[in-house]
Amino acid sequence: MKITVAGLGYIGLPTAAMLAESGHDVVGYDINKKLIANLASGRVELAEHGVRDLAQRALESGRLHPSPMPFPSDAFIICVPTPTIEHRPDLRAVEAAFASIAPLVQDGNLIMLESTVPPGTTLAVAERTFRALGRDLDAIHLAHCPERVLPGKIVDELLWNDRIIGGRRPIDAEMARAVYATFARGDIHLTDLVTAETVKIVENAYRDVNIAFANELATLAESLGIDVWKTIQLANCHPRVDILAPGPGVGGNCIPVDAQFLADANPFASELIRAARRVNERMPNLVTNIVRELAPADARKIVLLGAAYKADVEDTRATPARAIESLLQGFGYDVAVYDPLVTEYPGNLVSDLDAALHDADVLVLVTDHAAIRQLDPQYVAARVRRRFLVDARNAAVIEDWNAAGFVVHVLGRGRFQSAATEALAAC
Ligand code: SAJ
């Protein structure tokens with residue numbers, strides 16, 4: 001089959017590469033000319049090495065053709081981002097992708113949207129686009145096949161996760177199944193467009209609510225004087241309890257955004273989802289308040305260890321590090337943010353570890369990258385001014401940090417009652 005994949009981001013590129021590896025002739029189309037030029041010369045600049053290797057192989061096979069424009073194809077897969085602007089979904093990239101491929105779509109072709117969108121979007125955008133061209137939607141096939149892979153495990157999950165495919169008509173879903181079945185080894189479940197759109201955002205909202213429960217327990221633990229980590233570990237021994245981990249907040253471009261899509265669908269019927277968002281959004285306040293309580297009165301410089309939104313990725317979108325940095329700056333501290341994986345971050349990123357640690361009064365472990373877990377406390381102790389560590393991920397080996405002279409507080413290990421009370425009052 002000839003397939004155009006529109007949008008070569010962290011989903012589109014590996015999907016295009018998988019399809020090429022399965023024998024399809026794939027055009028990888030993106031509006032980012034620099035990205036296309038890099039790919040065309042065989043350069044894949046991605047931190048996730050599984051995706052890098054897969055894309056490199058596909059390019060070398062000659063079956064993946066990077067292109068700054070789409071080409072006529074049997075099938076089109078759209079994988080463009082859907083961010084939010086002031087909590088409203090920004091669908092411009094989806095609309096632009098439909099508009100750019102529509103003139104090339106012939107009767108009998110198949111269009112599949114992978115981008116996460118509010119329920120009803122796939123049909124509404126397709127209808128608008130094709131009506132404007134005087135075309136009949138019945139003559140083409142339309143499906144929504146939401147991506148569901150976890151950054152950090154993309155190749156594995158592309159292969160093995162089940163897929164949900166919603167078709168405008170059953171035949172459309174069947175046709176999309178035939179495309180995905182060429183590489184996906186998980187089960188493929190067929191449904192209608194709106195159900196598929198809803199399932200995807202429900203999955204991410206479910207995770208947001210579960211993390212919010214863990215974060216609420218961490219806040220409670222600070223005020224009750226108990227250890228949230230031990231409590232969750234023991235509660236999870238129950239066969240029907242599976243609480244996720246507390247942390248400094250829920251970042252990334254997926255979970256916070258998608259939970260909001262669902263809440264927006266009906267604000268009156270989504271109290272739990274909106275409450276969970278609030279609980280997660282105030283975690284940077286709790287971490288900041290703990291830092292302020294732990295820090296000595298004359299502390300000046302705070303160092304955040306980790307800028308990425310989660311471990312072992314280089315993505316900083318909606319990272320809690322940025323919120324903690326701004327809050328601490330608002331209290332007059334100098335803040336340096338160290339991250340060995342990150343190159344793009346809107347705050348004060350200091351990529352040299354020694355420069356970041358120089359003169360530091362308090363360290364805050366924000367992202368549990370392997371490289372941060374493996375920092376040698378003795379090495380760090382020799383470079384800072386004062387030895388205080390707030391661990392917002394329960395990732396540090398406390399005995400080692402204590403042995404190096406650090407006072408350590410792990411988020412949710414009940415000690416900072418007033419920090420918890422103030423965080424609640426601030427949000
Ligand atoms: N987090 C916690 N505690 C936890 C788990 C995560 O605080 O126990 C935080 C992380 O540190 C991070 C945020 O939540 O800041 C989100 O991380 P994540 O690993 O839960 O999810 P994402 O955003 O990287 O990927 C999610 C996945 N969705 C689900 O697991 C339901 C992925 O499968 C989706 O494909 C992806 O969103 C997406 O693109 O929608």
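How far does a polar side-chain atom of Arg393 lie from an oxygen atom of the ligand? The answer is 2.8 Å, and the views below fill in the rest of the scene. Keep in mind that this is a predicted model.

**View 1. Polar contacts to the ligand's oxygen and nitrogen atoms.** Start with Arg393, whose side chain puts a polar atom 2.8 Å from a ligand oxygen. Arg207 does something similar: one of its polar side-chain atoms is 2.5 Å from an oxygen atom of the ligand. With Ala245, look at the backbone instead, where an N or O atom lies 2.7 Å from a ligand nitrogen. With the protein around it, 90% of the 770 Å² of accessible area that the ligand has on its own gets covered.

**View 2. The pocket that holds the ligand.** Here the ligand sits in the second largest pocket. Two elements each give two or more residues to the shell around the ligand: helix H8 (193-224) and helix H10 (255-265). H8 chips in the most, with five residues.

**View 3. Who's who in the shell around the ligand.** Count the surrounding residues and you get 22, the closest being Glu147, Lys200, Arg207, Ala245 and Tyr309. Sort the shell by residue type and you'll find eleven nonpolar, three polar and eight charged.

**View 4. Two domains contribute to the shell.** Domain 1 (2-196) supplies at least three residues around the ligand, and domain 2 (283-426) also supplies at least three.

Definitions and conventions. Residues are numbered from 1 along each chain as its sequence is written. This is a predicted model: local features need pLDDT of at least 70, side-chain atom pairs count only at pLDDT 80 or more; totals for chains, interfaces and linings use all residues. Side-chain values use heavy atoms; hydrogens and water are left out. A residue is near a molecule or strand if one of its heavy atoms lies within 4 Å of it. A polar contact is a pair of N or O atoms within 3.5 Å; within protein, one must be able to donate a hydrogen and the other to accept it, and residues adjacent in sequence count only if both atoms are side-chain atoms. Accessible areas come from the Shrake-Rupley method with a 1.4 Å probe; for residues, only the protein chains shown count as cover. On a 1 Å grid over the protein atoms alone, a cavity is a set of points where a 1.4 Å probe fits but cannot get out, and a pocket is an open set with protein on both sides within 12 Å along at least five of seven lines; lining residues have an atom within 4 Å of a point. A molecule sits in a cavity or pocket if more than half of its atoms lie within 2 Å of its grid points. Helices (H or I, at least four residues) and strands (E, at least two) are DSSP runs, numbered from the N terminus. Ala, Val, Leu, Ile, Met, Phe, Trp, Tyr, Cys and Pro count as nonpolar, Asp, Glu, Lys and Arg as charged, and the others, Gly among them, as polar. Domain bounds come from an automatic or database domain assignment.
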